[in-house]
Amino acid sequence: MYIVVHTTEGLKSIRITLGNFHLFHFREGKHQVQLMYGTSEKDIYKNLSSSKEDIEKFQSGMEDAWSLYGQDVICAFDLSSFNRVCDVGGGSDAFAKQYISCYPNSTVTIFDLPNVVERAKKHFVPSEEDKITFQSGDFFNDPIPEADLYILARILHNQDDEKCVALLTKLHKACKPGGGVLLVETVLNEDRSGPLAAHIYSIVMLLVLEGKERTLSEYSTLLVAAGFKDVQFKKGQHYDAVYGRK
Ligand SMILES: C[S@@+](CC[C@H](N)C(=O)[O-])C[C@H]1O[C@@H](n2cnc3c(N)ncnc32)[C@H](O)[C@@H]1O
């Protein structure tokens, strides 16, 4: 587990340590991204991606998960019929490498913000050169690469419901019939009794983003609102897979 929560001064402040990347929040009922960065930009990822050092700390912390849990979610469903895959907000090649090892006939395009893609390309060891490509852009405002399957790993939990539906609708439009979307998240139990990791991630979301952890019913509602159907779910060891088809 990479997250440690410290409470200080009673409930006045909470400190989160994510790897060696420190986040602070004071209880004002809204996230403190502008205060943290001293900018007018509310989106933590746009702030983060303006500093090479912060990108490095954040992305290297994110990557580790996929050597441990990647196969679990990638092999949860038979995705072998999808040749062109896009890892939306992929961050680095960590997930894509695991994907290619499971489905060697597929190609994966990693789509992320420009400075994140620049860092990912620098770290890329080109043994899967022909299989993994990179494209930079903003998934809300720029065109998304064409693909048969879109992966959203740890993306929707960063966003409020409205933005989730906007992004999913964009992916649904970009998909041909028969295409799909795979969500990778730590899904809350329907009665919200756990798992503990999902509750901890919810605290992180409250501090720096506008998202939250969701139950399977909540993810299904978002997928259906965007036009996806036949929603299926597989519970993993830590991350779970939710799969929808066009
Ligand atoms: C929580 S990380 C997940 C990274 C990767 N999917 C994983 O699970 O390891 C969220 C990713 O979304 C990217 N991201 C956030 N907002 C974005 C946007 N508007 N357009 C493209 N990528 C974005 C971030 O740069 C970051 O790499």
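Axes here are lines fitted to C-alpha atoms, for helices over the stretch in contact, and the angle between two of them runs from 0 to 180 degrees between N-to-C directions. By that convention, helix H5 (residues 114-123) runs at about 155° to S6 and lies across S5 and S6. The model is predicted, with a mean pLDDT of 88 for the chain. Seven strands form an open sheet of mixed pairing, and 17 residues surround a ligand.

**Confidence**

- A pLDDT of 70 or more is reached by 87% of the residues in the chain.
- Residues 1-14 stay under 50 in pLDDT, and for this stretch the model has 23 contacts beyond four places in sequence.

**Sheet order and edges**

- The strands of the open sheet follow the order S6-S5-S4-S7-S8-S10-S9.
- S6 and strand S9 (229-234) each have a single partner strand and stand at the edges, so one side of each lacks a neighbour in the sheet.
- From one strand to the next, the twist averages 20°.
- Strands of a sheet pair through backbone hydrogen bonds, in either the parallel or the antiparallel sense.

**Parallel pairs**

- Strand S4 (residues 84-88) pairs with strand S5 (residues 107-112) in the parallel sense over five bridges.
- Between S4 and S5 the chain passes through helix H4 (residues 94-102), and this β-α-β crossover is right-handed.
- Val-85 has Val-108, in S5, as its bridge partner.
- S5 also pairs in the parallel sense with strand S6 (residues 132-136), over five bridges.
- Within S6, Phe-134 is the bridge partner of Ile-110.
- Strand S7 (residues 149-153) and strand S8 (residues 180-185) run parallel and are joined by five bridges.
- Opposite Ile-151 stands Leu-182, in S8.

**Antiparallel pair**

- S9 and strand S10 (residues 240-245) run antiparallel, and four bridges join them.
- These two strands, S9 and S10, form a hairpin with five residues between them.
- Lys-234 has Ala-241, in S10, as its bridge partner.

**Ligand surroundings**

- Of the 17 residues around the ligand, those that come nearest are Tyr-45, Gly-89, Gly-91, Ala-153 and Arg-154.
- The shell around the ligand divides into nine nonpolar, five polar and three charged residues.

Technical notes
Residues are numbered from 1 along each chain as its sequence is written. This is a predicted model: local features need pLDDT of at least 70, side-chain atom pairs count only at pLDDT 80 or more; totals for chains, interfaces and linings use all residues. Two strands pair if DSSP finds at least two bridges between them. A crossover is right-handed if, with the strands pointing away from the viewer, the path from the first strand over the helix to the second runs clockwise. pLDDT is the predictor's confidence in each residue, from 0 to 100. Two residues are in contact if their C-beta atoms, placed from the backbone, lie within 7 Å. A residue is near a molecule or strand if its C-beta atom, placed from the backbone, lies within 6 Å of it. Ala, Val, Leu, Ile, Met, Phe, Trp, Tyr, Cys and Pro count as nonpolar, Asp, Glu, Lys and Arg as charged, and the others, Gly among them, as polar.
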